[in-house]
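User: Hi! I am new to this structure and would like to learn how to read it. Could you take me through it step by step?

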Amino acid sequence: MSTQKRRLPSIAAYGVLGIVTLPIILMYIWLLLNSFAQKMKYGVIPVEFTLENWKFIWSDVVINGSALPSIWTATFNSLLFAGTLTVLEVVIGIMAGYALSRLNFPGRQGLLKTTMMLHAFPSVALLIAVYYILNFLGLFDSLSGVILVKTALQIPMTAWIIKGFFDDVSWDVEWAGLIDGCNRFKVWYTIVIPLIKPGIAAVSIFSFLSGWSEFLLLYTFILSDENITLAAYLQKLMSNPNMIDYGLLSAVSLFYMVPVLLFFVLTQQSLMQISTGGGKRV
Amino acid sequence: MEKSNRMTMILRRWGLPSVMLGPFVLLISIFFFLPVVLITILAFTNMDSAMRWNYNGLSNFKKMLSDPHIFEIINNTVIYVFFTLLINVFLGLALALLTTYFIKKETVGLAVRTIWMLPRISPPVVYVLIWLWFFDPSEYGVLNSLRSLFDLPPGKFLAENPMTAVILANGLIGASYGMIIFSSAIKSIPGDLFMAARVDGASHRSIIADLIIPAVRWPLMFVTLWQIMSLLTSYEYILLLTKGGPLFETEVLALYSYHTAFQNFEYGYGSAVALVLVLVALLFSFIFWKVFGMSKMIKASRIE
């Protein structure tokens with residue numbers, strides 16, 4: 001009797017969870033089905049299999065007589081953007097994280113507090129000033145400029161997370177290396193870094209994905225077609241009022257989401273852990 | 001010999017920290033501190049696309065007070081932040097309860113939480129595309145297809161209830177954030193407490209009210225304050241979904257600052273709006289800091 005009573009809420013729980021979660025699953029299934037369908041009956045049921053929507057992969061998309069840049073230009077730029085961002089963030093993050101965690105220097109407390117404060121700082125409100133600075137540096141409408149901005153906006157978070165990894169490495173390990181005659185840098189490079197490799201991997205994936213998904217900064221600071229990224233490519237297609245072709249749009253979306261889904265499936269556990277640390281999207 | 005020794009001493013003491021921290025400090029100086037200074041100065045100029053620094057005193061702020069749209073925009077901001085927050089917190093808590101307490105199978109709970117991470121991890125452009133398709137005013141939109149099943153004429157939901165759409169779309173993303181933090185808080189409650197409660201014959205309701213809710217009290221505060229700060233200053237999804245329209249119906253303060261600067265090229269006025277926003281956000285950061293202190297801010301999900 002009492003076990004039955006206990007089981008009832010659990011069945012109800014499955015039901016409720018199913019109902020609220022289903023729309024999200026359907027959203028993504030729709031993307032997949034729609035990209036291979038001639039058209040959608042009632043907007044949701046695919047009819048007639050076709051590869052027409054995927055044509056953008058081998059030929060340029062033409063809207064209103066003018067061709068969009070090749071999808072491969074956009075893909076290359078997105079890879080360049082996300083890749084460079086990841087390298088910069090990890091390298092600078094490791095250096096700063098180590099210094100914040102282990103080195104003694106005047107102003108350490110102040111810098112720690114500042115780094116902390118910057119997490120919560122409304123960085124997107126500063127875009128006007130960032131625009132001015134980019135203009136001044138001659139980096140407006142260039143990918144490298146936006147990479148710098150994005151790296152800077154995320155580095156307080158990244159450095160802080162990496163500092164946490166270093167904090168977890170025991171001092172004894174480092175002492176042992178120092179006593180054995182290594183210098184500080186060598187200890188750092190050969191002993192400490194390998195110990196935090198899993199953490200670094202997680203941070204790298206996180207930065208790559210956030211670079212890959214970036215929209216606002218690229219949309220604001222990039223104008224020319226040669227610097228187009230996948231986010232901007234898709235947005236261009238979407239915002240054309242004369243041609244809302246959901247088949248094409250969903251095919252491009254899926255193409256765009258491939259790395260995201262891949263990393264997501266492979267590493268969702270470590271991603272979840274980082275997100276708990278408080279990932280404010282920029 | 002003596003001198004070079006001292007040099008190495010100085011290098012050892014100062015060299016490593018400055019090399020290691022150099023790039024980091026340089027980046028945050030150029031893209032955090034300098035912009036704050038610039039915004040503050042720009043707010044007192046009427047800089048436009050000509051990029052000239054013409055100081056005009058307080059006239060940007062006077063203009064803001066007499067701006068015909070400002071009250072609608074502030075009203076929108078409050079509605080947007082409040083209702084999105086409501087969805088974030090309640091849906092997040094409900095999902096956390098369902099996946100950790102009511103459903104004991106860890107694999108099922110994890111799978112569901114993973115699915116709920118999808119909107120957060122999807123590129124914003126893709127996520128918004130799915131919503132646009134859902135609300136599409138033509139007969140192909142999902143909502144209209146569903147309506148046609150009940151013989152209802154196609155409606156223009158996005159044009160008629162833009163704020164609801166914006167809140168829903170943003171709410172689902174934020175819910176996963178609350179969900180993760182609340183789940184880890186619930187999971188860190190020692191299992192024996194649940195056992196003890198059950199042995200004593202406690203109902204689900206009293207377990208939730210007397211055991212779980214007190215345990216997530218701090219995470220609840222954390223998520224609320226953190227989301228207020230993020231929502232106040234984020235506008236990416238609104239920009240993609242409705243562009244603040246139709247007219248000013250979904251224009252929030254942060255987006256207004258963006259529009260004045262990058263659409264109307266009124267950099268001075270845009271900076272003034274941004275400055276107000278930064279000050280409000282800093283106020284919340286200050287409260288946040290007071291409530292949580294330095295260390296708690298990072299280790300949010302720890303139980304008190």
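Analyst: Happy to; we will go through the chains, their interface, one helix and some salt bridges.

Analyst: This is a predicted model, in which local features need pLDDT of at least 70 and side-chain atom pairs count only at pLDDT 80 or more, while totals for chains, interfaces and linings use all residues. Residues are numbered from 1 along each chain as its sequence is written, chains are lettered from A and ligands numbered from 1 in the order in which they are written, and side-chain values use heavy atoms, leaving out hydrogens and water.

User: Which helices and strands should I look for, and how many does chain A have?

Analyst: Helices (H or I, at least four residues) and strands (E, at least two) are DSSP runs, numbered from the N terminus. Chain A has 11 helices and 4 strands. Of its 282 residues, 54% count as buried; buried means under 20% relative accessible area, exposed over 50%, and partly exposed in between (1.4 Å probe, protein chains only).

User: And how do I read the interface of chain A and chain B?

Analyst: The size of an interface is often given as the accessible area lost when the parts come together. Buried area is that loss (1.4 Å probe), summed over both parts. Here chain A and chain B bury about 8800 Å² between them, with 81% of it on carbon and sulfur atoms. Contact means heavy atoms within 4.5 Å, and the contact involves 97 residues from chain A and 93 residues from chain B.

User: How many salt bridges cross that interface?

Analyst: A salt bridge is a side-chain nitrogen of Lys or Arg within 4 Å of a carboxyl oxygen of Asp or Glu. By that rule, 0 salt bridges are found across the interface of chain A and chain B, and the count over all chains is 4.

User: Can you show me some of them?

Analyst: Start with A:K150 and A:E214, whose side chains meet at 2.6 Å, N to O. A:K150 lies in helix α5 (residues 143-168) of chain A and A:E214 in the loop between α8 (197-213) and α9 (216-221) of chain A, so this pair ties together parts that are 64 residues apart in sequence. A:K150 is buried at 2% relative accessibility, and A:E214 is buried with a relative accessible area of 2%.

Analyst: In chain B, the side chains of B:E266 and B:K63 form a salt bridge at 2.6 Å, N to O. B:E266 sits in the loop between α13 (253-262) and α14 (267-298) of chain B, and B:K63 in helix α2 (residues 59-66) of chain B, so the pair ties together parts that are 203 residues apart in sequence. B:E266 is partly exposed at 26% relative accessibility, as is B:K63 at 35%.

User: Last one: which residues of α10(B) are buried?

Analyst: They are B:I207, B:I208, B:L211, B:I212 and B:A215. These residues cover an arc of only 125° around the axis, which puts them on the same side of α10(B); the arc is that of the directions from the helix axis to the C-beta atoms. What covers them includes α3 (70-102), α8 (162-187), α9 (191-199) and α11 (217-233) of chain B. The face turned away from the buried side of α10(B) carries the exposed residues B:R205 and B:D210.

Conventions: Buried area is the accessible area (1.4 Å probe) that two parts lose on being put together, summed over both.
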